[in-house]
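Hi everyone, thanks for coming. I'd like to walk you through one model today, so have a look at the screen.

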Amino acid sequence: MPPDADVPYGTLDLMVLKTLAALGPVHGYGIARRIEQVAEGMLRLNQGTIYPALLRLEQKKWISSDWGVSENNRRARFYSITALGRKQLAAEERTWARTVSIVNRLLENEP
Amino acid sequence: VTPRVLISRVADLLRGSARDRRLDEEMRLHREMLTEEFERRGLSPADAAAAARREFGGVVQVRMLHREQRGLAGIDALGQDVRFAFRVLSRDRAFSLTAILVLMLGIGVNNMLFTILNAHTLRGLPVPDVDRVLHASTRDKANVVGGLSWSEFEEMREGVSAVTLGAFTSGAASLGDPRRAPERVSRTFATSETFAILGVRPVLGRVPTAKDDEPGAPPVVLVSERLWETRYGWDPGILGRQVLIDGVLATVIGLLARESGFPTTAEVWQPLGSMRDLPRTSRTARILEVVGRVNRGTDVRTAAAELEAMGARLATAHPDSNAGVRLAVVPINERVRGRITEPAWLAFLTVSFLVVLISCANVGSLLMGRGLQRSREMAMRMSLGGTRSRIVRQLLTESLVLAVAGALLGLAFAVAGVRLFRASIPENVLPYWNDYVADARVVSALVAVSAVATLVFGLVPAWYTSRADPTDTLKQGGPTLTLSRGTTRWTTTFIVAQLAMSFVMLSNAALGLRTSAVTLPSDAALSSEQIMTASVTLRANSYPDAEARNAFYAGLRREIVDRTGVQAFAVVSTLPARITRQLRLRDAAGAAAEPIAARHVLVEPDYFKTLGLAPTRGREFEPRDGEEGQRTVLLNERLVELLFADTEPIGQRIGIVGASASAEPEEWLTVIGVAPVIRQHPSPEPEPVIYLPLRSNPPSTASLIVRTLLPPEKSVALLRDAALARDATVPLYNVATLRQAVEDAQWNGRVSRRLLLALTLIAASLAAAGLYAVMARMVGSRRREICIRTAVGASRGQIRRMLLMQAVRYLAMGTAAGIACVVVWELAFSPSARSLATVPGAHLADPVVLLAIAGALAATLVLASAGPVRKADSISPAATLRQD
């Protein structure tokens, strides 16, 4: 993967869900940071695009949010994954793994 | 989009500003945290802020994305489209107004006709669970429709298990009470089951039971609320009160709601068992209407089949009375309301949709023309990233805005039209349930028609308009879409067909107007408000023979003529404008080879004097006319023309012959006078009428006419008073001025004439709009040509002439096609056309009328072309060609 790839289409939701499942309740900045840390600079994320994604997930009741206090004592919105979201995450991880393995096999067979 | 998401989206839509504030707060915090992070890494505060902005991305974009995510899909875009459509449409007012008016006419006529159709056929009867109610009638060998006889009904009732049967018969009865004027009311005799079957429920009291229905049971009656109010003065003791009906005392057991009683709107209901003259033994006296409610658990079709099978069994069991008599069983809705598949209603439906279709085609034509003018706009939109589907959507939204405006105006038009239609029909002709209201079905039809119309007139122009290739169009400036040859030919055909149709309809309407405008000298007399009329019916048990009836009429005359204010009085068998039976006549001298059919009217002396008329020759009847040895008649002018064209009619003798022409008449009657022509038929043409003395054959039902100097209500009181004094059991009914009576008799022709005229004017307006649309489109598509012509020296007048020539071509083709259609029409329908054409010189293909129509169309054409031609004037060659 080139060092500054855009977020592949449709994967941001999955990344956010996974982050929330790993970290527990966290605010938008925390999510963005975590994704960038995991990507180790290989991903160029417009951090603002996280917010429409969060809204989308919330509308689907996969995550929930509440006001809380951040580490440096500021009011922040904290997001956490719901039971419905965990189920969805599991399903999407399976789909993702399957897709990746199919694509890999295709690419390996290429002469 | 799942429902869950939809709900939260709607919720978010509602708390939009709160959501915006929350997002802003989150984003601010996010960027502050980012800035702090960069500062920790050692950047200056300014650089850190810039880096944070970069890292975060566009705040505005995020806000937009967020908002889009919250809104309902497309609702914002739709709002935008609608707002834009309003702006575009209000810029070109002439176009928008024309389109909306055309749609109004199309949708309005459609909705008006549909409202009428709905009231007559589609809306069910006000009977609970009406689909399970059947109606049975008989068809004899000659396919004549009849009811059932009592014996047939009883046998069916015993032999059928799937259906509960009831029978009823309707007629008139006279309510007589001590010290009150008698009143004639409609009465239904019904078996006790009928009430439950038809859902007739009293508002007070009860319906008859099987016991009340047994022969010899004490008579009981249900009366309407109207009678309770007007006749019994809201008597609190109405239940149990004894009332006199046709001379028999009956106990009131129930009150019926004002709007009830179906399918007759009878005001008085009695058990069928108490009907004195019910023919219980005759198998062929088929006077009963039979209805049945299908029992629970049985399929309606099975039940109908069982009933019809029963009818077949009767035919084998009683061959002498029932052989060849078929039982026809249909759902009662179908029987009373008629079916939408009947030819008359299908024609109605066809016309209503044809009008919409024509208006759609015209609006579509208008939109095409506009599309040509807007090709630059479309190209610009496309080059700025508008997709074709987005542009089609925008154009369809404009069509939708037009359609909604047209539909709203159309609804108003339909409501007004229906109201006019209703007002043309006299009271009491239509039953109460035949209510022309815009119910849910009518409104749904309106919405559906408008929606489909939008697609019909909007889709094709939108498709064509959005076809523009942006590069070409913008480069060339002028419209690149010219109309294909096929489209042009189709347009020409369409406009010529519309003009031809207008021609036929206008010449028909002109003929209708000319024939209905024909006045007879007697018409003025008949519209007098000074003449009051009323009907009487003498019951056979009180007035069994001619002598008794003559005594009644003579006594009535004595009661009336001496009262103050009375100028003249007469009894007549049939009022003017009402249809009477025809007789066949021949003259003793044998001047006419064939017997001549004439309508006959029985009149008393002074009949013509009461009407304010006089015989044109000879004299009126005198009291002794009609006696033995004084067999005299009057003939009207039309009959005299037919029988005695060249000879003096007075003193001639004529006879009434039967069906066979050779038969000798029973007696010869002497002509003593020639009467003016008075209509005895709804049609405008004068018909032969023979007048006979009433006393020679006094009818049991007759009309009284009295000419007074009194105001109408005093005349009514006078008539009622006199009738009461003569015989307190004989009620007066149909009390009305002669003018009213004549108008009521002619309502059918009047209504159809009005409807025809309205449809004609609408068709002509649509054709005019169609012309306008085509002209506008032509100017649009020839813009560049006009520019070039102007640039190379064509004058404004020459351009105008060129464009008008096209219009004249349409007119010439339309007129030619129209005249051809009219001539073909007249030839094809010549019998009926000729029968209408008894007015001298009035026929469909009248050159003067055709010329006038052509002139009117030419004037319309000039008007329709004025706008587009002026538009062509304003085309500036310099500006247009510079854009190329």
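I'll go through confidence, then chain B, then the interface, and then some salt bridges.

Some ground rules before that. This is a predicted model, where local features need pLDDT of at least 70 and side-chain atom pairs count only at pLDDT 80 or more, while totals for chains, interfaces and linings use all residues. Residues are numbered from 1 along each chain as its sequence is written, chains are lettered from A and ligands numbered from 1 in the order in which they are written, and side-chain values use heavy atoms, with hydrogens and water left out.

Okay, confidence. The score here is pLDDT, the predictor's confidence in each residue, from 0 to 100. Chain A averages 84, and 89% of its residues score at least 70. I'll be naming helices (H or I, at least four residues) and strands (E, at least two), which are DSSP runs numbered from the N terminus. Which element of chain A has the lowest mean pLDDT? That's strand E1, residues 5-6, with 60, whereas strand E5, residues 75-81, has the highest, 92. Keep in mind that where pLDDT is low, the predicted coordinates should not be read in detail.

On to chain B. Chain B has 30 helices and 22 strands. For accessibility, buried means under 20% relative accessible area, exposed means over 50%, and partly exposed is in between, with a 1.4 Å probe and protein chains only. Of the 884 residues of chain B, 49% count as buried. Contact, by the way, means heavy atoms within 4.5 Å. If you take the contacts in chain B between residues at least 6 apart in sequence, 80% of them join residues at least 24 apart.

How many disulfides are there over all chains? Zero, where a disulfide is a pair of cysteine sulfur atoms within 2.5 Å, and that count covers all chains. Two cysteines you might want to look up are B:Cys360, buried at 3% relative accessible area, and B:Cys787, also buried, at 1%.

Now, where do the two chains meet? In total, 28 residues of chain B are in contact with 30 residues of chain A. The area buried between them is about 2,400 Å², and carbon and sulfur atoms give 54% of that. Buried area here is the accessible area (1.4 Å probe) that two parts lose on being put together, summed over both.

There are charges at this interface too. Side chains of opposite charge can pair when their charged atoms come close. The rule for a salt bridge is a side-chain nitrogen of Lys or Arg within 4 Å of a carboxyl oxygen of Asp or Glu. Between chain B and chain A the count is five salt bridges. One of them joins A:Arg74 and B:Glu32, with the closest N and O atoms 2.4 Å apart. On the chain B side, the elements giving two or more residues to the surface that touches chain A are helix H1 (3-14), helix H2 (16-40), helix H3 (45-56) and helix H4 (59-70). Which of them gives the largest share? H2 of chain B does, with 14 residues.

Across all chains, the salt bridge count comes to 41. Let me show you a few within single chains. In chain A, A:Asp13 and A:Arg56 meet at 3.0 Å, N to O. A:Asp13 lies in helix H1 and A:Arg56 in helix H3 (residues 50-59), so this pair ties together parts that are 43 residues apart in sequence. A:Asp13 is buried, at 13%, while A:Arg56 is partly exposed, at 26%. Leaving aside neighbours within four places in sequence, A:Asp13 is in contact with A:Ala53, A:Arg56 and A:Leu57.

Over in chain B, B:Arg41 pairs with B:Glu37, the closest N and O atoms being 3.4 Å apart. Buried or exposed, what are these two? B:Arg41 is exposed, at 58%, and B:Glu37 is buried, at 11%.

Another pair is B:Glu604 and B:Arg557, meeting in a salt bridge at 3.0 Å, N to O. B:Glu604 is in the loop between strand E15 (596-603) and helix H21 (607-611), and B:Arg557 is in helix H20 (residues 546-561), so the pair ties together parts 47 residues apart in sequence. B:Glu604 is buried, at 9%.

Last one: B:Asp177, B:Glu183, B:Arg226, B:Arg231 and B:Glu267 are linked in a network of salt bridges. That's my tour, thanks for listening!
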